[in-house]
Amino acid sequence: KMVHGSVGHVVRWDERPPRPWGSICFCTVGALLPRLARLGASHIIVDEAHTRDVHTDLLLTVLPKLLRASEHLRVIVMSATFD
């Protein structure tokens, strides 16, 4: 079955957003941070959380505040190693 707009991506300067409802958007942490306020996501999956950089650290700092503000938001943090 073709997904026709239900899956999008944001990678550097290549942005192909998904349809506004029932969608998945794959993006880097650097692309996610400026979009968090207008995202309206129900789930955020953070992969490679063990690769520590400024963007990942900032995202992991902001996510608890978003969770407190939105009772419907769900967050999954994945890491090959977790310190």
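Thr56 is buried in this predicted model. Its relative accessibility is 4%, and residues count as buried under 20%, so Thr56 falls in the buried class. The residue lies in helix α3. Beyond residues up to four places away in sequence, Thr56 touches Val29, Ala49 and Thr51. Two of these partners, Val29 and Ala49, also belong to the largest nonpolar core.

That core comprises 10 residues. Besides Val29 and Ala49, the members are Leu32, Leu33, Leu36, Ile44, Val46, Leu59, Leu63 and Leu73. At least two core residues come from each of α1 (29–32), β4 and α3. Leu73 makes contacts with Ala41, Ser42, His43, Ile44, Leu66 and Leu67, again leaving aside residues up to four places away in sequence. One of these contacts, Ile44, is itself a core member.

Strand β4 spans residues 43–46, and its side chains alternate. Ile44 and Val46 point to one face and are buried. His43 and Ile45 point to the other face and are not buried. The two buried residues of the strand, Ile44 and Val46, both appear in the core.

β4 is joined to strand β5 (residues 74–77) by four bridges, and the two strands run parallel. Opposite His43 stands Arg74 of β5. Between the two strands the chain passes through helix α3 (residues 54–69). The resulting β-α-β crossover is right-handed. Helix α3 thus carries the link from β4 to β5, houses Thr56 and supplies at least two residues of the core.

A further set of strands forms an open sheet. Its three strands follow the order β2-β1-β3, with mixed pairing. The edges are β2 (14–16) and β3 (24–27), each of which pairs on one side only. From one strand to the next, the twist averages 20 degrees. Strand β1 (residues 7–11) pairs with β2 in the antiparallel sense, over three bridges. Within this pairing, Val10 has Glu15 of β2 as its bridge partner.

Overall, the chain contains three helices and five strands. Along the sequence these elements follow the pattern β-β-β-α-α-β-α-β. Of the 83 residues, 19% count as buried. The accessible surface comes to about 6600 Å², and carbon and sulfur atoms account for 59% of this area. Among contacts between residues at least 6 apart in sequence, 42% join residues at least 24 apart.

Conventions. Residues numbered from 1 in each chain as written. Predicted model: local features only at pLDDT ≥ 70, side-chain atom pairs only at ≥ 80, totals over all residues. Heavy atoms only, no water. Buried < 20%, exposed > 50% of the residue type's maximum accessible area, 1.4 Å probe, protein only. Pairing = 2+ DSSP bridges. Right-handed = clockwise from strand over helix to strand, strands pointing away. Core = buried A, V, L, I, M, F, W, Y, C linked by side-chain atoms within 4.5 Å. Contact = heavy atoms within 4.5 Å. Areas by Shrake-Rupley, 256 points an atom, 1.4 Å probe, with all protein chains shown as cover. Axes fitted to C-alpha atoms, helices over the stretch in contact; angles between N-to-C directions.
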